[in-house]
Amino acid sequence: RDVSFVVFRATAFEDIREAIVQQNYELCTNVLFVDIYEGKGLNEDERSITVRLEYRSDHRTLVESEVETLHNQIITQTEQKLGIRTRF
């Protein structure tokens with residue numbers, strides 16, 4: 001699942017990745033860089049960083065509601081930790 005965060009320009013993808021990895025959710029198996037957007041709709045000191053969160057279990061099939069709950073927890077905790085917000 002992709003998510004775009006609005007961050008100050010000094011915030012790097014690595015800051016976001018580390019904040020997510022530190023949450024230590026077993027089912028979130030990977031955090032990847034997707035894109036950076038700077039321009040219309042953002043303040044001059046902001047940019048949007050899009051990341052991809054991959055969810056998987058080696059032991060069972062994940063259900064949509066489970067992934068949605070986990071995804072929302074990760075996003076909320078990342079926003080709070082870094083003082084950022086989702087773009088959409």
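## Helix α2: faces and packing

On one side of α2, S65 and Q80 are exposed (over 50% relative accessible area, 1.4 Å probe, protein chains only). This is a predicted model: local features need pLDDT of at least 70, side-chain atom pairs count only at pLDDT 80 or more, and totals for chains, interfaces and linings use all residues. Residues are numbered from 1 along each chain as its sequence is written, and side-chain values use heavy atoms, without hydrogens and water.

**Exercise 1.** Find which residues of α2 are buried, and state how they are arranged around the axis.

*Solution.*
- Take the helix: α2 spans residues 64-82.
- Apply the cut-off: buried means under 20% relative accessible area.
- V67, L70, H71, I74, I75, T78 and E79 pass.
- Look down the axis of α2: the buried residues fall within an arc of 165° (directions from the helix axis to the C-beta atoms), so they line one face.
- The general reason: an α-helix has 3.6 residues a turn, so residues three or four places apart point the same way.
- Name the cover: it includes β1 (2-8), α1 (13-21), β2 (28-37), β3 (46-55) and β4 (85-86).

**Exercise 2.** Describe how α1 and α2 pack.

*Solution.*
- Read the geometry: the angle is about 125°, and the axes lie 9 Å apart. Axes are lines fitted to C-alpha atoms over the stretch in contact, and angles run from 0 to 180 degrees between N-to-C directions.
- Classify: α1 and α2 are therefore oblique (not under 35, over 145 or 65 to 115 degrees).
- List the contacts (heavy atoms within 4.5 Å): D15, I16, A19 and I20 in α1 meet I74, T78, K81 and L82 in α2.

Definitions and conventions
Helices (H or I, at least four residues) and strands (E, at least two) are DSSP runs, numbered from the N terminus. The expected span of a helix is 1.5 Å times one less than its number of residues.
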